[in-house]
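Dear colleague,

Please find below the structure you asked me to pass on, followed by notes on what turned up when I went through it.

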Amino acid sequence: MNIFQDWPEPIVRVQSLSESNLGAIPNRYVKPLSQRPNITPHNKHNPQTTTIPIIDLGRLYTDDLTLQAKTLDEISKACREWGFFQVVNHGMSPQLMDQAKATWREFFNLPMELKNMHANSPKTYEGYGSRLGVEKGAILDWSDYYYLHYQPSSLKDYTKWPSLPLHCREILEDYCKEMVKLCENLMKILSKNLGLQEDRLQNAFGGKEESGGCLRVNYYPKCPQPELTLGISPHSDPGGLTILLPDEQVASLQVRGSDDAWITVEPAPHAFIVNMGDQIQMLSNSIYKSVEHRVIVNPETERLSLAFFYNPKGNVPIEPLKELVTVDSPALYSSTTYDRYRQFIRTQGLRSKCHIDELKSSR
């Protein structure tokens with residue numbers, strides 16, 4: 001596991017930088033020219049937005065078989081072509097979604113000394129953080145975050161969860177419990193759409209009890225020069241499935257389209273954004289795509305989003321499922337484990353899709 005005990009440099013909270021009313025961002029946050037977002041200083045608002053597929057999960061539980069089949073087909077197409085889709089009628093109450101966001105806003109508005117009681121280290125990343133990767137002198141992202149484990153139970157440690165605001169742990173518990181239900185449900189749907197037994201992907205993750213579930217809450221403070229930096233650098237998610245509760249007020253998630261252009265996603269009200277991670281791309285032998293995405297920042301509004309990651313057990317072998325490997329479609333990836341894969345991210349930070357590309361099989 002991770003050998004790094006501490007960060008290579010003193011940690012600076014991006015929120016503190018933003019609140020100091022600086023006119024220019026420090027060089028540590030200025031991206032190379034090729035990675036900067038397409039925002040001009042005179043027009044610092046979001047570029048044109050688009051709506052990725054919005055799928056009504058409630059239609060899967062009607063008596064209308066034609067509607068069920070159509071909905072499954074829409075999900076299949078989204079997984080193959082976009083790697084992203086939004087879901088409504090997903091089972092979580094709008095009240096709990098709003099409560100979870102409000103709770104985390106309260107946390108990030110706490111005095112810095114209270115937040116820093118939960119400061120994290122690269123050993124586990126759990127707690128309050130401001131960077132990924134341990135490369136000294138790396139160009140950093142314009143964001144702070146809070147990361148915690150929910151399952152398996154062996155990794156769940158309430159002392160690593162925030163203790164303030166009051167009742168936040170109960171709200172987080174309820175939120176994460178509903179997230180796991182949604183992920184398990186989606187795993188069945190993805191398996192069926194691959195022509196597999198509905199528990200096949202879940203079993204490949206190590207089973208329900210051993211699959212990983214963790215939450216990363218992203219906080220993007222206001223930025224005086226959004227054209228020079230990013231909230232999160234381009235990457236595909238290293239895990240299995242990601243369920244994002246976005247900030248509905250400001251569109252900022254950008255997905256790399258098939259023509260390599262960056263598309264800004266317009267969130268639907270009380271919808272979750274679902275995307276495939278690298279582990280699902282490997283298991284499906286690239287039938288499902290994990291697509292690069294990034295986050296732009298805003299000069300006038302801070303933002304907050306909740307990303308729930310559903311991942312394989314750390315030590316189970318991950319490789320293309322044998323049912324999906326044929327003479328015409330040979331295995332595209334060599335075997336790895338999620339623990340090994342995660343080490344890339346923890347040491348090097350986010351680097352487009354180079355982690356999964358390194359596992360492409362030479363066979």
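UniProt, in an unreviewed entry, places the feature "domain: Fe2OG dioxygenase" at residues 210-312; UniProt positions follow the numbering used here, feature names are shortened, and annotations may be inferred rather than shown by experiment. This is a predicted model, in which local features need pLDDT of at least 70 and side-chain atom pairs count only at pLDDT 80 or more, while totals for chains, interfaces and linings use all residues. Residues are numbered from 1 along each chain as its sequence is written, and side-chain values use heavy atoms, with hydrogens and water left out.

Over residues 210-312 the chain is 6% helix and 42% strand (DSSP runs numbered from the N terminus, helices being H or I with at least four residues and strands E with at least two), and the end C-alpha atoms lie 8 Å apart.

The largest pocket (on a 1 Å grid over the protein atoms alone, an open set of points where a 1.4 Å probe fits, with protein on both sides within 12 Å along at least five of seven lines) has a volume of about 900 Å³, taken as the space filled by probe spheres set on the points, which are joined across faces, edges and corners. Of the 50 residues that line this pocket, each with an atom within 4 Å of a point, the closest to its centre are Tyr 147, Cys 214, Phe 309, Asn 311 and Tyr 338. Strand E6 (212-220) is among the elements that supply at least two lining residues, and E6 gives the most, with six.

With regards
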